[in-house]
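Biologist: Please take a close look at the aromatic side chains in this model and how they sit against one another. After that, go on to the packing around them and to the other parts worth describing.

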Amino acid sequence: MKQELKIAVRQLVHHTLRSGDLVLEFLGSVRPAEAIRAHQKIQRSRPQSYDAEIPISYQKETDQFTLTISGRVDGIFTEPDRTVIEEIKTTVRSLDSFEQDEEPLHWGQLKIYAYMYAAQQGLDNIDAQLVYYQIDSGQIREFKQRFTLAELEVFFNDLIAGYLQWAATIANWCSRRDESILNLEFPFTTYRPGQRSMAVEVYRTIKNNGQLLIQAATGIGKTMAAAFPAIKAIGESISSKIFYLTARTTGRTVAEKALDELRTKGLKIKSLTLTAKDKICFNPDSACHPDECEYAKGHYDRIGEALRTIFHQDAFTRDVILDAAKNFRICPFEFSLDLSIWADFIICDYNYAFDPRVFLRRFFQEENGDYTFLIDEAHNLVDRSREMFSAELFKQPILDFRRIIKNELPRVYKSLGGINSWLVKARKKCEESGQSRAEKDPPDDFFPLLRQFSQITENWLSLNIKTAYREALLELFFSISGFLKVADQYDNSYATCYEKIDKNLKIKLFCIDPSGHLSRALNRCRAAIFFSATMTPMNYFKTILGCEDHADQLILPSPFPKENLGVFVSDHVSTLYRHRSRTKSEVSRTISILVDQRQGNYLLFFPSYEYMTMVYESFHSESPQIETIFQTPGMSEFERDAFLDRFAQENPETLVGFAVMGGIFGEGIDLVGKRLCGAAIVGVGLPAISLENDLIREYFTQALDAGFEFAYLYPGINRVLQAAGRVIRTENDLGVVLLIDQRYATYRYKSLIPGHWEPVRAQNEHQLANYLQKFWNQ
């Protein structure tokens, strides 16, 4: 049987007709809504003989393949003496530029449509009309050519021949991949407790086009339990591609290791780790232009050979991409984006699937993609999604840049003057009502000023004139464009926040409830699997992450022996903000009791740097003989690693580390065995009281009568659970967790504590010491 292949006209042209330099000049950014309106305006102006938005497909038979090419024609004129195929393009460029330089990709797309239609209708000749609509001026320019069927057939067959060489490589690979998946067995001799249940539910959810939320304790093997069934689904043609979405580098590393483990068992799969452009660029201080970057010059002339060469490998990691890009002298970021089309398993940050400003449009421009989302450490998606769907601007950078271009760009200067004046008035309102304030209504009178700036700036940037201030203007343009993109989706889930910072002012379109936006983003895939060690309570995450009402839930307890973890509650100590000065010595003594019972390494977690410093000073004063280390704000990667390196297996003395809940040491670190024997969690992890958190509380009080829970309680308890999860990382670990706060004695908090913890309440310091000694002596 012949193998069936499918490709879109746009993708076919893009793959075969690219050549020359990579020139990421500023060509303007027509918003989708503007483009649609422009298309509709032109289409409505056409005569009755015109049909708009015509789906078209064509099959090409070869010895090996049945290739289906499909697309959508913008319009077709059908008249007695001629047929015209029309393609409409919107642009912010001057229309004269298209007179001077023909766009081969635009004409290639149009000629493919013309051939497909002429061949199907038996036409010997056909007219092709390329229409450009200039968004700012509304001007229209039409370019026409007449083609014979014979010359279009030559063009079409040349493109197909070029593509089929690559398609044969892809087809052969897919056959090898699917055969390996069919024969693939679970890579370990046995499943860990709970791991098989998770894998079965993941497979079932993918097969049923569903959504699944999983809370699986550390040690179950979540990554393999998610990846293995998802890969099986690819082999059965249930899903075509997996996106493994994660927020941390550690998550990406774990996913890569899981795939490597499966490859040792015979799996053939192409995986790609996407790295942000600024972290993979060879020349980050240069523009993406052949005059400034050697890797941009001739990029498209070499990209084909680079793809063919690297395709002999299976794991397209960051280092592999960098090596290949260096060898072929091509842009590593653009290279990785091209590889994403052919990769089966893409490991990347959340924002490539969800962020409205940077999501991968080549996959997610349309809904209902045949993809599986595996969303790692999904508890992090709550805060990250609020960031992705929010936008902010600061007054001072606008004023500073305005001064720079005063004599250079008068129209931009004047436009920024209007923006700055508006912000001055907004700052005055802040001064009158306090340092910060919020409004439910959007700043509708501010948006036109920003759009005017964008239009003026876009026109100048599209000229691609090199100046000393161009990059700064480009950065400001993108900041304001991103702000306007968020403004376009402003609804009752938003508030506008104003904060005066010295002479500066921050205005933020704050997404209070990201669930609606996430729900729409989840339409981009066929199945979504959310998994984490901490998703408590599950219904909170189901709501806030925009899941369907019938989304399934799975909670899996720790696979490790219960007796390996001792959880103790010191609920006679208050850590309320108003009591902290009075009780800091009591907290310090309680910590001393914890660390005095057994020599080893301990981590102490606090709700804030201020409180941590307060207790640290008291502890250091009362126990100066104990070695301590201290987390500081904004630690570099080197400083972070140095902090963790202190937690050695065989420290000769006790080491106590002071850290902040929800910070870089509160999750995502593995201190196995004797590297960590205990943790104390001071407080219940509540986020700091702030304007934004109070907006969340008010919103969900009105919506669900659960304002405090959504704003403070549930985010707090998940910080606590993450911090406590640092202690037991393997089945051989032994350690203790101490919870210090009166509130742990209340039902509200008891109900959120994992059942397998079986916490022991210590009513006083003497009792706590006895309980700890008993645990360590067992």
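Modeller: Tyr132 and Phe143 are both buried in this predicted model. Their ring centres lie 5.8 Å apart with the planes at 80°, which is over 60 degrees, so the pair is edge-to-face. Tyr132 belongs to strand β5 (residues 125-134) and Phe143 to strand β6 (residues 140-148), and the two residues are 11 residues apart in the chain. This is one of 48 aromatic pairs found in a search of the whole structure.

The pair of Phe243 and Phe373 has ring centres 5.9 Å apart and planes at 85°, so it too is edge-to-face. Here 130 residues separate the partners: Phe243 is in strand β8 (residues 241-246), Phe373 in strand β12 (residues 371-376). Phe243 has a relative accessibility of 1% and therefore counts as buried. Phe373 is buried as well, at 0% relative accessible area. Both rings belong to one aromatic cluster, whose other members are Phe354, Phe363, Phe364 and Tyr371.

Phe373 also appears in the largest nonpolar core, which has 191 residues. Phe335, Phe354, Phe373 and Phe530 are the residues with the most contacts inside this core. Helix α5 (residues 149-183) gives the most to it, with 14 residues. Leaving aside residues up to four places away in sequence, Phe530 touches Leu212, Leu213, Ile214, Ile375, Ala378, Leu381, Leu522, Met535, Leu545 and Cys547. Another core lies apart from the 191-residue one; it has 36 residues, among them Met224, Phe228, Ala255 and Leu556.

A polar case is Arg18, in the loop between α1 (9-17) and α2 (32-44). Arg18 counts as buried because its relative accessibility is 16%, below the 20% limit. Its side chain makes a polar contact of 2.8 Å with the side chain of Asp338. A polar atom of the Arg18 side chain also lies 2.9 Å from the backbone oxygen of His14. Beyond residues up to four places away in sequence, Arg18 touches Val13, Leu105, Tyr300, Ile303 and Asp338.

Next comes a sheet. Seven strands form an open, parallel sheet in the order β21-β22-β20-β23-β24-β19-β25. β21 (627-630) and β25 (760-761) are the edge strands; each has a single partner, so one side of each has no neighbour in the sheet. The partner of β21 is strand β22 (residues 655-660), paired in the parallel sense over four bridges. Within this pairing, Ile629 stands opposite Gly657 in β22. Helix α23 (residues 609-622) packs on the sheet and touches β20 (601-606), β21, β22 and β23 (678-682), with its direction at about 160° to that of β22. Helix α26 (residues 707-724) lies across β20, β23 and β24 (735-740) and runs at about 165° to β23.

One residue of helix α23 is Ser618. At 10% relative accessibility, Ser618 counts as buried. Its contacts, not counting residues up to four places away in sequence, are Lys584, Ser585 and Ser588.

Conventions:
Residues numbered from 1 in each chain as written. Predicted model: local features only at pLDDT ≥ 70, side-chain atom pairs only at ≥ 80, totals over all residues. Heavy atoms only, no water. Buried < 20%, exposed > 50% of the residue type's maximum accessible area, 1.4 Å probe, protein only. Polar contact = N/O pair within 3.5 Å; in protein donor to acceptor, adjacent residues only side chain to side chain. Contact = heavy atoms within 4.5 Å. Pairing = 2+ DSSP bridges. Axes fitted to C-alpha atoms, helices over the stretch in contact; angles between N-to-C directions. Core = buried A, V, L, I, M, F, W, Y, C linked by side-chain atoms within 4.5 Å. Phe/Tyr/Trp six-rings, centres within 6.5 Å; stacked < 30°, edge-to-face > 60°.
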